[in-house]
Amino acid sequence: MSHGVPASGSVLQRSASSDGNQPESPEEDDRKIRRREKNRVAAQRSRKKQTQKADKLHEEYECLEQENTSLKREIGKLTDEMKHLSEVLKDHEKICPLLHCSMNFVTIPRPDALTSCLPR
């Protein structure tokens with residue numbers, strides 16, 4: 001059984017001739033060898049470049065993940081601080097003399113009334 005391969009010649013013998021009839025000269029063989037070597041080196045360079053690019057992207061991804069985690073942590077802290085300050089403000093509004101003053105219609109508050117609200 002030949003399975004589609006001609007019995008008269010091997011793959012190596014077929015590649016040894018340029019048009020199928022005449023053997024190649026030693027110069028043509030050398031040129032093919034040099035071209036294959038050059039192609040092999042170029043392919044290695046290309047694979048190395050792709051690997052470096054993938055590594056760089058992975059490093060960038062890791063940095064962005066760390067930054068994202070840090071920002072989420074900061075959002076949580078700021079949210080907690082905002083809740084705390086809102087509670088403090090609500091508590092202060094209950095006792096603030098300026099808010100409960102009968103002269104709220106005055107646009108410029110008296111300095112002594114302002115200082116009574118400030119911590120000492």
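Helices here are DSSP runs of H or I, at least four residues long, numbered from the N terminus. Keep that in mind for the first stop. The model is predicted.

**Whole chain**

Show the protein chain as a cartoon. Along the sequence, its pattern reads α-α-α-α. That is 4 helices and 0 strands.

Switch to a surface. The exposed area of the protein chain is about 11400 Å². Carbon and sulfur atoms supply 57% of that area. Now colour by relative accessibility. Of the 120 residues in the protein chain, 3% are buried.

**Helix H2**

Select residues 26-95. This is helix H2. The next stops refer back to this selection.

**The arginine patch**

Which residues form the positive surface patch? Select Arg 31, Arg 34, Arg 35 and Arg 36, and you have it. Centre on Arg 35, which sits in helix H2. Is Arg 35 buried or exposed? Its relative accessible area is 51%, and the cut-off for exposed is over 50%, so Arg 35 counts as exposed.

**Salt bridges**

How many salt bridges does the structure hold? There are 2. Visit each in turn.

Select Glu 37 and Arg 40. Their side chains form a salt bridge, with the closest N and O atoms 2.4 Å apart. Both residues lie in helix H2. They are 3 residues apart, about one turn of the helix. Check the accessibility of each partner. Glu 37 is partly exposed, at a relative accessible area of 38%. Arg 40 is partly exposed too, at 39%.

Now select Asp 91 and Lys 94. Here the side chains meet in a salt bridge at 3.9 Å, N to O. The cut-off is 4 Å, so this pair counts. Asp 91 and Lys 94 also lie in helix H2, 3 residues apart, or about one turn of the helix. How exposed are the two partners? Asp 91 has a relative accessible area of 42%, which makes Asp 91 partly exposed. Lys 94 reaches 61% and is exposed, because the cut-off is over 50%.

**Last view**

Keep helix H2 on screen with both pairs as sticks. Glu 37 with Arg 40 is one salt bridge in this helix. Asp 91 with Lys 94 is another. Add Arg 35 of the positive patch, also in helix H2, to complete the view.

Technical notes:
Residues are numbered from 1 along each chain as its sequence is written. This is a predicted model: local features need pLDDT of at least 70, side-chain atom pairs count only at pLDDT 80 or more; totals for chains, interfaces and linings use all residues. Side-chain values use heavy atoms; hydrogens and water are left out. Patches are made of residues with over 30% relative accessible area and no salt bridge: like charges are joined within 9 Å, nonpolar side chains (Val, Leu, Ile, Met, Phe, Trp, Tyr) within 5 Å. Accessible areas come from the Shrake-Rupley method with a 1.4 Å probe; for residues, only the protein chains shown count as cover. Lys and Arg count as positive and Asp and Glu as negative; His and the chain ends are not counted. The place of a charge is taken as NZ of Lys, CZ of Arg, CG of Asp or CD of Glu. Helices (H or I, at least four residues) and strands (E, at least two) are DSSP runs, numbered from the N terminus. Buried means under 20% relative accessible area, exposed over 50%, partly exposed in between (1.4 Å probe, protein chains only).
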